[in-house]
Amino acid sequence: MYLIAAAVLLLIFTPGISAAALASREGADWRYADGVRAVLDSLNPGVKITFSYASSPSADELVLAGDSVSVNDGQGVLTFRTAYPVPSMTLMPTLSYVAQLIGGRVEVTEVV
């Protein structure tokens, strides 16, 4: 009897828990992508910034391309426009990168 009651409760609460998890993931992805966009937009000629995002390796990758930072959050793609052109590359969570503005374009390299 208790097992049946537990199973019923799981069926009732699973959709709500799944929706909350997806909303949490989307919110985290939004903050990461917008934060990286803000870092890149804050660059001035001659200034190098070392940055990273996310404290967990399970966070989603960010994609730099053209004039945007994008992330696929599982429900769709969130895209943030950047003030300067950025290189085409994928940023991985927890890794460190150096960004600088050279000739009106952002250059990003991984710190090794």
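Start with the whole chain shown as a surface: the accessible surface of the protein chain comes to about 6,900 Å², and 62% of that belongs to carbon and sulfur atoms. What you have open is a predicted model, and the tour moves from the whole chain to single side chains. Buried residues make up 30% of the 112 residues in the protein chain. Among the contacts between residues at least 6 apart in sequence, 54% join residues that are at least 24 apart.

**The elements**

Switch to a cartoon view and follow the chain from the N terminus, where you will meet the elements in the order α-β-β-β-β-β. That gives one helix and five strands in the protein chain.

**The hairpin of strands 2 and 3**

Select residues 62–72, which are strand 2, together with residues 77–91, which are strand 3. These two strands pair in the antiparallel sense over nine bridges, and they form a hairpin with four residues between them. In the turn, pick out Gly-74, which has a positive phi of about 95°. Now move along the pair and find Val-69, which stands opposite Phe-80 in strand 3.

Stay with this hairpin and show the side chains of Asp-67 and Arg-81, which form a salt bridge whose closest N and O atoms are 2.7 Å apart. Asp-67 belongs to strand 2 and Arg-81 to strand 3, with 14 residues from one to the other, and the pair links distant parts of the chain. Is each of the two partners buried, partly exposed or exposed? Asp-67 counts as partly exposed because its relative accessibility is 33%, whereas Arg-81, with a relative accessible area of 58%, is exposed.

**The salt bridges of helix 1**

Next, select helix 1, which covers residues 2–41, and show the side chains of Asp-34, Arg-37 and Asp-41, which are linked in a network of salt bridges. As a general point, side chains of opposite charge can pair when their charged atoms come close. Which distances should you look for in this network? The side chains of Asp-34 and Arg-37 meet at 3.0 Å, N to O, and the closest N and O atoms of Arg-37 and Asp-41 are 2.7 Å apart. Asp-34 and Arg-37 are three residues apart, about one turn of the helix. Arg-37 and Asp-41 are four residues apart in helix 1, so about one helical turn separates them. Asp-41 counts as partly exposed, because its relative accessibility is 23%. The structure holds three salt bridges.

**A buried aspartate in the helix**

While helix 1 is still selected, find Asp-29, which also has its place there. Asp-29 has a relative accessible area of 3% and is therefore buried. Leaving aside residues up to four places away in sequence, Asp-29 touches Asp-60, Val-71, Asn-72, Asp-73 and Leu-78.

**Tyr-53 in the loop**

Now go to the loop between strand 1 (48–51) and strand 2, and select Tyr-53. This tyrosine counts as buried because its relative accessibility is 4%. Which residues does Tyr-53 touch, not counting residues up to four places away in sequence? Among them are Tyr-32, Val-36, Leu-62, Pro-93 and Leu-95. Another residue to display is Leu-91: the C-alpha atoms of Tyr-53 and Leu-91 are separated by 8.9 Å, although the two residues are 38 residues apart along the chain. The side chain of Tyr-53 reaches the backbone oxygen of Leu-91 at 2.9 Å.

**Tyr-97 and the hairpin of strands 4 and 5**

For the last stop, select strand 4 (residues 97–102) and strand 5 (residues 105–110), which pair in the antiparallel sense over six bridges. They form a hairpin with two residues between them, and Gly-103 in the turn has a positive phi of about 60°. Within the pair, look for Gln-100, whose bridge partner in strand 5 is Glu-107.

Then select Tyr-97, which is found in strand 4 and which counts as buried because its relative accessibility is 1%. Tyr-97 and Glu-110 are 13 residues apart in sequence, and their C-alpha atoms are 4.3 Å apart in space. Not counting residues up to four places away in sequence, Tyr-97 touches a set of residues including Ile-49, Phe-51, Met-89, Leu-91, Val-108 and Val-111. To finish, display Met-92, whose backbone nitrogen lies 2.8 Å from a polar atom of the side chain of Tyr-97.

Conventions
Residues numbered from 1 in each chain as written. Predicted model: local features only at pLDDT ≥ 70, side-chain atom pairs only at ≥ 80, totals over all residues. Heavy atoms only, no water. Pairing = 2+ DSSP bridges. Salt bridge = Lys/Arg side-chain N within 4 Å of Asp/Glu carboxyl O. Buried < 20%, exposed > 50% of the residue type's maximum accessible area, 1.4 Å probe, protein only. Contact = heavy atoms within 4.5 Å. Areas by Shrake-Rupley, 256 points an atom, 1.4 Å probe, with all protein chains shown as cover. Polar contact = N/O pair within 3.5 Å; in protein donor to acceptor, adjacent residues only side chain to side chain.
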